[in-house]
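Hello,

Here is the structure I promised to pass on. Please have it open while you read the notes underneath.

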Amino acid sequence: MGSARIFNFAAGPSMLPEEVLQEAAAELSNYKGTGMSVMEMSHRSDVYARIFESVQTAFRRVMNIPNNYSVLFLQGGATLQFAMVPMNLIGKTGSADYAVTGSFSGKAAKEAEKYGKIHISASSEDKNFTYIPRQEDLEIFPNASYFHYCANNTIYGTEWNYVPETGEIPLVCDMSSNILSKPVDVSKYALIYAGAQKNMAPAGLTVVIIRNDLAGNAFPYTPIMMDYATMIKNDSMYNTPPCYNIYILGLVLNWVEKLGGLKALQKRNEEKAALLYECLEESQIFHPVAEKEARSNMNVTFRSDSPELDAMFVARAADAGFVNLKGHRSVGGMRASIYNAMPPEGVAALADFIRVFEQNILR
Ligand SMILES: *Cc1c(COP(=O)(O)O)cnc(C)c1O
């Protein structure tokens, strides 16, 4: 089975650990002797309630989440949170701060404009989002209901290497593309959200970690499904939750814990990323796109000075079994997404492939 797998560098949906897929396959049609698939179970059944609870508990354990926070399993993707966050939180003062460091944080700010006054605290658009603003360059308004940023910019390949210091202003973060990649001090945040399809589970599940005191302030017109208070009160089961995806998240969390948890994964992810960045620094034809201090450990963006050469690289790489390396159209070049599930061997093999490609070009 293993030999048929390919090194898939897709930005999302992306690779899941092979062990997880095998475990899911083994239980697909008959979950632990119940005679049915997890897909076919009532979300109110005892069997499913046990799965749900164990996944929530495991998630809390892995992320070390304090008791005054709720973990919600929602739908609608990270993109629905672009609206849900302001609808629930902006009413306090009518305004919010946004740091715009890429495509998704820009979309989040734009969506929030429908619900209040949005102040752009910092932007890295002047250099096509190749860097992350420094703490001293963040303009934080004392009147903001919250400060929103995106921890890892999936498209541009940049990642915040610090947690913004916002004083009394609640911190809200889109962690879609780096959640579970390293330890996070959840207590520094008011709210964290993430779509599952980068580092957690198949698309269709969105995880929200919210400090409980923040719920209950939604605008009166907020759809009941988009009110955090509804979801906290009903433990994410006001309606049918994305049952099967939650089960897969549970398998992924088991895998994370078997590898030693987030601290061990952080080390593994840093080593994986270093393999690629070192290779790109040595290269005479390719170079990383992001500024050094802002480089992402999850999405490695790189290019040559020739779009034709980049296209040739992407095609040859695909022939050699390294797929989905084409960069996003707004950046060009290449992007290697190396989330948790990409094995170190895959990254090492790609680095070798880059070196051999280059030798052949320069010869
Ligand atoms: C993929 C992604 C999104 C969009 O997620 P959806 O689940 O498709 O809505 C938002 N933010 C970041 C950082 C992402 O990587």
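Below is what turned up among the charged and aromatic side chains.

One thing to keep in mind is that this is a predicted model.

**Charged pairs**

Side chains of opposite charge can pair when their charged atoms come close. In this model there are 13 salt bridges. Arg 355 is a good place to start, as two of its partners can be named. One is Glu 282, with N and O 3.9 Å apart. That pair brings together distant parts of the chain: Arg 355 belongs to helix α9 (residues 344-362) and Glu 282 to helix α7 (residues 261-282), with their positions 73 residues apart. Another partner is Asp 352, at 3.6 Å from N to O. Here both residues sit in helix α9, 3 residues apart, so about one helical turn separates them.

How open are these side chains to the outside? Arg 355 is partly exposed, because its relative accessibility is 35%. Asp 352 is also partly exposed, at 45%, while Glu 282 counts as exposed at 57%, since the cut-off for that class is over 50%.

Elsewhere, Arg 211 makes a salt bridge with Asp 213, and their closest N and O atoms are 2.7 Å apart. Arg 211 has 23% relative accessibility and is therefore partly exposed. There is also a network in which shared salt-bridge partners connect Arg 134, Glu 136 and Asp 137.

**Aromatic rings**

A pair of aromatic rings is described by the distance of the centres and the angle of the planes. The model contains 22 aromatic pairs. Tyr 149 and Tyr 189 are one of them: their ring centres are 6.5 Å apart and their planes meet at 20°, so they count as stacked. This pair, too, links distant parts of the chain, with Tyr 149 in strand β5 (residues 147-150) and Tyr 189 in the loop between β8 (171-174) and β9 (191-195), 40 residues apart. Tyr 149 is buried at 1% relative accessible area, and Tyr 189 is buried at 4%.

Trp 160 and Tyr 162 form a tilted pair, 5.4 Å from centre to centre with 50° between the planes. Trp 160 is buried, at 3% relative accessibility, whereas Tyr 162 is partly exposed, at 21%.

You can also look for a cluster of Phe residues joined by ring pairs: Phe 7, Phe 9, Phe 286, Phe 302, Phe 313, Phe 322, Phe 353 and Phe 357.

Finally, a charge meets a ring where Lys 127 lies over the face of Tyr 131, 5.3 Å from the ring centre.

Best wishes

Terms used: Residues numbered from 1 in each chain as written. Predicted model: local features only at pLDDT ≥ 70, side-chain atom pairs only at ≥ 80, totals over all residues. Heavy atoms only, no water. Salt bridge = Lys/Arg side-chain N within 4 Å of Asp/Glu carboxyl O. Buried < 20%, exposed > 50% of the residue type's maximum accessible area, 1.4 Å probe, protein only. Helix = DSSP H or I, 4+ residues; strand = E, 2+ residues; numbered from the N terminus. Phe/Tyr/Trp six-rings, centres within 6.5 Å; stacked < 30°, edge-to-face > 60°. Lys NZ or Arg CZ within 6 Å of the ring centre and 35° of its normal.
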